[in-house]
Amino acid sequence: PRAPRRSTMSAGEQPPARPPAAPEPDPAHRYEAVAPHWFYCKVTDTRERWVPFSAQDSERLEEAHGAGRDKEDLVVPTSGGRYDVHLKKRQRVAVYWEEEVSEVRRCTWFYKGDKDNKYIPYSEAFSEELEEAYMVAVTLDEWKKKLESPSREIIILHNPKLMVHYHPVAASDDWGSTPTEQGRPRTVKRGVENIAAEIPNGEPLQIDHLVFVVHGIGPACDIRFRSIIQCVNDFRTVSLSMLQAHFRRAQEQQQIGRVEFLPVNWHSSLHSTGVDVDLERITLPSINRLRHFINDTILDVFFYNSPTYCQTIVDTVASEMNRLYQLFLQRNPLFSGGVSIAGHSLGSLILFDLLTNQRAAPEEAERSAEGSGTAVSNRGIEEVKEILQELELSEYCDVFEKEEMDRRALFLCTEKNLKEMGIPLGPRMKILHYISSKTEMQVCLPHVPCSSRAPRSLSHEAKPRLPLSQVSANYPQLNYKPTIFFAFGSPIGMFLTVRGVKRINPDYSLPTCKGFFNIFHPFDPVAYRIEPMIVPELEFEPMLLPHHKGRKRMHLELKEGLTRMSVDLKNNLLGSLRVAWQSFTRAPLPAVEAAGADAEAEAEAGVEKQPDPKPDEAPAAVKEEPLPINVGRLNGGNRIDYVLQEKPIESFNEYLFALQGHLCYWESEDTVLLVLKEIYQTQGITLDQPLPGSQ
């Protein structure tokens, strides 16, 4: 048989040389180890959903696993440090709040049935069996291998791209059915790259600022009845996308990392006091669900107005924020950023009452007093002179100046003090009447002793008291000074009015917090403004929050355009009619053609002159520019009230979207962007492109 093979070769042809080593395997039969990815199980309404860790967290977990540290009780921080993974127990545990422990898996093989929305990972042990069978099948090119899962289900590896999972065969099957007849099989995939999972990149490690978020009434915080933890997770996710979209330059220059938002839950502590059992005894059996909903949500407002439960609420909020702050510093020892606080609905009122009752550091108060003592003293004496001139008592200015009497001291004066200064009875009566009338006009903030910080309080009360407040509580102190206070959908203005506060003194500011922003949706039924309480004599609109994409919403621009057009049309029409009437009444009877021509020329001249603005009138463009409004020191001289732009669908019916308007802040890009802008502005970092209409 070899001779014919030789005869077929040509004379010049060389026999093929065989390499000494074995031939390389076919790439199709070359085995490559699968790349694992770590997942955790999230249970929602008894339904399990496997969620992938970020690429950053998965690499960190795999590195610890590869180092053989599974046997140790190693704890790996994940999700920006908010969750710890106990590698040995394969558990994911929340750090800052209470939450069910989640199962963790190192995943390589997945399956999906007809009714499954996403792929589900096999257990780690069975995945290893599948991987071993796959390796043998690829190396030897022997497919159609069958494996039996722990639940007696059959997995068949037909080829690298077709692997199926059959339901278990019935124990006694008279009809002799085969696995393929047990319903449609599940699809089996190897490796996370083949299941189209959305794997986030991870969060920046650097934390620039910390924000505590306090919820409002009830355990649910949005229209989907989700908890404060889930809503703050959404807020944090939106903040990361806004940082990428509007702070890209600062991120590329590594000037910023991210802002951490942590939820503060007080509802569970309040309702664990046994009050729910007491309410259950007196609740009527009819309309059961509605009554329980009211007991669980709306009654929180009444609890806060009760001295007993108000103390429980403020103690819980303050102690929880202090606990979270200390825990955060322990886990982030290099953190050097500031702390801000945000409150939604009733939560904003709780924070406002806490902040109004904080005590500034004594050394800071002394430093402030030393630095501005002379200026304040001079200004106060001038104010007293103005008051005396108003009362036609200018001749006593020297007496008050000699006694170094400023406005604050004047409002603390009694009749005995004025008599000792040598002021006669008539002028004494005028001064005392002036003091009493001004005291009645302005009422001090509830829970704030006015005499302790009169220059910043809401009035100039002579005696420290708790005027017109419904609740007297001992407000605890925070372990930090908040940089900014953000209020979302806040009823602060309404509660202050109900408590008897008629006006907020423009000189008032929160003792330890210099920034205050009141953000609301235009259809939010719970939200109220603050600025009209500071400047009641002016009528002005709140600041319109610019859209995060840099312009007003289309329907708002259209509405403004139509309004402007109708006003212009009306003005032009009235102007034309006025000119026509004037030319008709003033023109003489046309006796000759020349006179008629003169009348026409006069009318035309009048029409031409009409559009010209008067010398003392400003152009329309200048008129539209809003004049700067002084809204006091509550937000450091900046505007306080900010209104969101409603969506086009919301403008069709205000009542229909009222509830949605109160619960929209968690996923509002415009709200998040304002929060980020103001926080980073304190660090000297601005947006890549300033938004139109922003302050």
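Which strands does α3 lie across? The legends below work through this predicted model view by view, and the answer turns up in the panel on the second sheet.

**Figure 1. The whole chain, 695 residues of predicted model.** Here's the overview before zooming in. The protein chain has 23 helices and 19 strands. Of its residues, 42% count as buried. If you take the contacts with a separation of 6 or more, residues 24 or more positions apart account for 70% of them.

**Figure 2. An open antiparallel sheet of 6 strands, with helix α2 packed on it.** Reading across the sheet, the order goes β2-β1-β6-β5-β4-β3. The edge places go to β2 (47–52) and β3 (75–78); each has a single partner strand, so one side of each has no neighbour in the sheet. On average, neighbouring strands here are turned by 30° against each other, direction ignored. Helix α2 (residues 55–66) touches β1, β3, β4 (83–86) and β6 (102–107), and its direction makes about 170° with that of β3. For a look at one pairing, take β1 (residues 37–44) and β2: they're antiparallel and share 6 bridges. One residue to pick out is T44, whose bridge partner in β2 is R47.

**Figure 3. A second open sheet of 6 strands, with helix α3 lying across it.** This one is antiparallel too, in the order β8-β7-β12-β11-β10-β9. Its edges are β8 (120–121) and β9 (145–148), and since each pairs with a single strand, one side of each is left without a neighbour in the sheet. And here's the answer to the opening question: α3 lies across β7 (109–112), β9, β10, β11 and β12 (186–190). It runs at about 170° to β9.

**Figure 4. Strands β9, β10 and β11, bridge by bridge.** Start with β9 and β10, which run antiparallel and are joined by 4 bridges. K145 stands opposite L157 in β10. The hairpin these two strands make has 5 residues between the strands, and R152 takes a positive phi near 60° there. Moving on, β10 (residues 154–159) and β11 (residues 162–166) also run antiparallel, with 5 bridges joining them. In that pairing, I155 has H165 as its bridge partner in β11.

**Figure 5. E131, a buried glutamate in helix α3.** Helix α3 covers residues 124–140, and E131 has its place in it. Is this residue buried or exposed? With 10% relative accessibility, under the 20% cut-off, E131 counts as buried. Leaving aside neighbours within four places in sequence, E131 is in contact with Y31, E32, A33, V34, W109 and R190.

**Figure 6. The largest nonpolar core, 102 residues, and a smaller one of 18 apart from it.** Within the largest core, F212, M321 and F485 touch the most other members. Helix α10 (residues 307–331) gives the most to this core, with 9 residues. The core draws at least three residues from each of domain 1 (30–169 + 182–198) and domain 2 (204–358 + 475–550 + 632–694). Zoom in on M321 and you'll find it touching F212, V214, V264, I341, L351, L354, L478 and Y480, not counting residues up to four places away in sequence. The other core, of 18 residues, lies apart; M405, L410, I431 and Y434 are among its members. As background, nonpolar side chains tend to be buried together in soluble globular proteins.

**Figure 7. F488 and what surrounds it.** F488 sits in strand β16 (residues 484–488). At 2% relative accessibility, F488 counts as buried. Which residues does F488 contact, leaving aside its neighbours within four places in sequence? They are F235, A342, G343, H344, S345, I519, Y665, T671 and V675. Also worth a look is C664: 176 residues separate it from F488 along the chain, yet their C-alpha atoms are separated by 9.5 Å.

**Figure 8. Helix α23, largely enclosed by the rest of the structure.** α23 (residues 669–681) reaches 18 Å from its first C-alpha to its last, close to the 18 Å expected at 1.5 Å a residue. Of its 13 residues, 11 are buried, which is why the helix is largely enclosed. Those buried residues are D670, T671, V672, L673, L674, V675, L676, K677, E678, I679 and Y680. T671 and V675 also appear among the contacts of F488.

Terms used: Residues are numbered from 1 along each chain as its sequence is written. This is a predicted model: local features need pLDDT of at least 70, side-chain atom pairs count only at pLDDT 80 or more; totals for chains, interfaces and linings use all residues. Side-chain values use heavy atoms; hydrogens and water are left out. Two strands pair if DSSP finds at least two bridges between them. Axes are lines fitted to C-alpha atoms, for helices over the stretch in contact, and angles run from 0 to 180 degrees between N-to-C directions. Contact means heavy atoms within 4.5 Å. A nonpolar core is a set of buried Ala, Val, Leu, Ile, Met, Phe, Trp, Tyr and Cys residues joined through side-chain atoms within 4.5 Å. Buried means under 20% relative accessible area, exposed over 50%, partly exposed in between (1.4 Å probe, protein chains only). Domain bounds come from an automatic or database domain assignment. The expected span of a helix is 1.5 Å times one less than its number of residues.
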